[in-house]
Amino acid sequence: MIINRVECPFCGYKMPITFSKDARCSGIFVKCKGKNCKKVFEIKINEKEVK
Ligand SMILES: [Zn+2]
């Protein structure tokens, strides 16, 4: 199983959130843990965005 990391779209910080390549997700918001960022962003996972 391939595990992907959620990355902050603002600063690129790799969040301690992982998802499998089959995951589908939207409408979930998390706060970036980057020291100088702390922005809230939506986790969007779909086939097009999975690398
Ligand atoms: Zn960030």
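Does Ile45 count as buried or exposed, and at what relative accessibility? In this predicted model, Ile45 counts as buried, at 8% relative accessibility. The residue lies in strand E4, and its C-alpha atom is 10 Å from that of Asn4, although the two residues are 41 apart in sequence. Ile45 also belongs to the largest nonpolar core, which serves as a starting point for the description of the interior.

The largest nonpolar core has 12 residues, namely Val6, Cys8, Met15, Phe19, Ala23, Cys25, Val30, Cys32, Cys37, Phe41, Ile43 and Ile45. Strands E2, E3 and E4 are the elements that give two or more residues to this core. The most is given by E4, with 3 residues. Phe19, another member of the core, is placed in strand E2. Phe19 is buried because its relative accessible area, 14%, falls under the 20% limit. The C-alpha atom of Phe19 is separated by 9.9 Å from that of Met1, which is 18 residues away along the chain.

Three cysteines of the core, Cys8, Cys32 and Cys37, also take part in metal binding. The zinc ion is coordinated by the SG atoms of Cys8, Cys11, Cys32 and Cys37, at 2.2 to 2.3 Å. The angles among the 4 donor atoms are 105 to 115°, and the site is tetrahedral. This assignment follows because four donors count as tetrahedral if all angles lie between 85 and 135 degrees. Along the chain, the donors follow the spacing C-x2-C-x20-C-x4-C. Distant parts of the chain are linked by the pair Cys8 and Cys37, which are 29 residues apart. Cys8 is in the loop between strand E1 (3-7) and strand E2 (14-20), whereas Cys37 is in the loop between strand E3 (25-31) and strand E4 (40-45). Both ends of this link are buried: Cys8 has a relative accessible area of 3%, and Cys37 counts as buried at 17% relative accessibility.

The surroundings of these cysteines include residues with greater access to the surface. Lys31 is found in strand E3 and counts as exposed, at 51% relative accessibility. The C-alpha atoms of Lys31 and Cys8 are separated by 8.9 Å, with their positions 23 residues apart along the chain. Lys38 is placed in the loop between E3 and E4, the loop that also holds Cys37. Although Lys38 is not a glycine, it has a positive phi of about 55°. Lys38 is partly exposed, with a relative accessible area of 48%.

Contacts of charged side chains were examined next. The structure holds 3 salt bridges. In one of them, the side chains of Lys14 and Glu7 meet at 3.1 Å, N to O. Lys14 counts as partly exposed at 46% relative accessibility, and Glu7 is likewise partly exposed, with a relative accessible area of 36%. By the residue ranges of the strands, Glu7 belongs to E1 (3-7) and Lys14 to E2 (14-20).

A further salt bridge joins the side chains of Lys21 and Asp22, at 3.7 Å from N to O. Lys21 counts as partly exposed, at 42% relative accessibility, while Asp22 counts as exposed, at 57%. Asp22 is placed in the exposed class because its value is over 50%. The side chains of Glu42 and Lys44 also meet in a salt bridge, with an N to O distance of 4.0 Å. Glu42 counts as partly exposed at 27% relative accessibility, and Lys44 falls in the partly exposed class at 46%.

Aromatic contacts were considered last. The structure holds 0 aromatic pairs. A contact between a charge and a ring is present, however: Lys39 lies over the face of Phe10, at 5.2 Å from the ring centre.

Technical notes:
Residues are numbered from 1 along each chain as its sequence is written. This is a predicted model: local features need pLDDT of at least 70, side-chain atom pairs count only at pLDDT 80 or more; totals for chains, interfaces and linings use all residues. Side-chain values use heavy atoms; hydrogens and water are left out. Donors are N, O and S atoms within 2.8 Å of the metal (3.2 Å for Na, K and Ca); water is not among the atoms, so sites may look incomplete. Four donors count as tetrahedral if all angles lie between 85 and 135 degrees; four count as square planar and six as octahedral if opposite donors are over 155 degrees apart and all others between 65 and 115; anything else is irregular. Helices (H or I, at least four residues) and strands (E, at least two) are DSSP runs, numbered from the N terminus. Buried means under 20% relative accessible area, exposed over 50%, partly exposed in between (1.4 Å probe, protein chains only). Rings of Phe, Tyr and Trp (its six-membered ring) pair if their centres lie within 6.5 Å; planes under 30 degrees apart count as stacked, over 60 as edge-to-face and the rest as tilted. A charge sits over a ring if NZ of Lys or CZ of Arg is within 6 Å of the ring centre and within 35 degrees of the ring normal. A nonpolar core is a set of buried Ala, Val, Leu, Ile, Met, Phe, Trp, Tyr and Cys residues joined through side-chain atoms within 4.5 Å.
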